[in-house]
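I am opening a notebook page on this structure and will write down each thing I look up, in the order in which I look it up.

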Amino acid sequence: MKTRTNKMASVAVAIGLFVGAGMLANAQTEIPWQGGNTNGNWSDAGNWGANPVPNSNAIRVTIPQATASINVDSDFTVNSVRKLWASEAGGSTSVISGPGTLTIDINSSSGTPPGFMNNAGTGSGSNGTVLEFDGNVTVANSGSARTSIEIGNNSANVVRFGTASMLTLNSQM
């Protein structure tokens, strides 16, 4: 009986470790843009709130400022890009541009998060928020769910692709 109890405890521990590892593998890290250094380069850790440079499809990037100019100075991959600014008289615009390619891979089999670019600002009346991509952007989903764009809370909110952008879709929409 003692041997059987030990074996059952070992199986329970193994299942717990397996489930825990799966939860860690699906965990998302959120890193806010702070633009702390004057260069505005994506590759500069000083521009990011948690200081690692985001470059993994397990990382969600947030832009909490009313305006931001982010230079994608090399190739990077992230899980999502989300503008968080809630209200600004006259609206607000954040631009992500540069010579590098930003790959947004939501890596999801469940459709969560709902959008690969979530412009969550509420704006003020007709003054919405703008998230503009003016460079090379690849949208992908290495998972099995569909990929969607969510623009929240205000009909004046916009996700825009500028004249210098090259948009590549590698996902079901």
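Which residues line the largest cavity? I note before answering that the model is predicted, and I then read off the lining as Val72, Ile96, Ser97, Gly98, Gly100, Leu102, Phe133, Gly135, Asn136 and Val137. The elements that give two or more residues to this lining are S5 and strand S7, which covers 129-140, and the largest share, five residues, comes from S5.

Entry on the size and character of the cavity. My search of the whole structure finds one cavity of 30 Å³ or more, and I record a volume of about 40 Å³ for the largest cavity. Sorting its lining by class, I get five nonpolar residues, five polar residues and no charged ones.

Entry on strand S3. I followed S5, residues 92-105, to its partner S3, with which it pairs in the parallel sense over four bridges. Within this pairing I looked up Asn71 and found that it stands opposite Ser97 in S5, and Ser97 is also one of the residues that line the largest cavity. Along S3, residues 68-71, I see the side chains alternate: Ala68 and Ile70 point to one face and are buried, whereas Ser69 and Asn71 point to the other face and are not buried.

Entry on Asn37. I place Asn37 in the loop that runs between strand S1 (29-32) and strand S2 (56-63). Is Asn37 buried or exposed, or something in between? I enter it as partly exposed, because its relative accessibility is 30%, and the range for that class runs from 20% to 50%. Setting aside neighbours within four places in sequence, I list Asp44, Gly46 and Asn47 as the residues in contact with Asn37. For Asn37 and Asn47 I also noted the spacing, which is 10 residues in sequence and 5.6 Å in space from C-alpha to C-alpha.

Entry on confidence. For the chain I record a mean pLDDT of 74, with 66% of its residues at 70 or more. Where in the chain is confidence lowest, and where is it highest? I find the lowest in helix H1 (residues 2-25), at a mean of 38, and the highest in S3, at 94. Over residues 3-26 the pLDDT stays under 50, and for this stretch the model has zero contacts beyond four places in sequence. I add a caution to myself that predicted coordinates should not be read in detail where pLDDT is low.

Technical notes. Residues numbered from 1 in each chain as written. Predicted model: local features only at pLDDT ≥ 70, side-chain atom pairs only at ≥ 80, totals over all residues. Heavy atoms only, no water. Buried < 20%, exposed > 50% of the residue type's maximum accessible area, 1.4 Å probe, protein only. Contact = heavy atoms within 4.5 Å. Pairing = 2+ DSSP bridges. pLDDT = per-residue confidence, 0-100. 1 Å grid on protein atoms, 1.4 Å probe; cavity = no way out; pocket = protein on both sides within 12 Å on 5 of 7 lines; lining within 4 Å. Points joined across faces, edges and corners; volume = space filled by probe spheres on them. Nonpolar A, V, L, I, M, F, W, Y, C, P; charged D, E, K, R; others polar.
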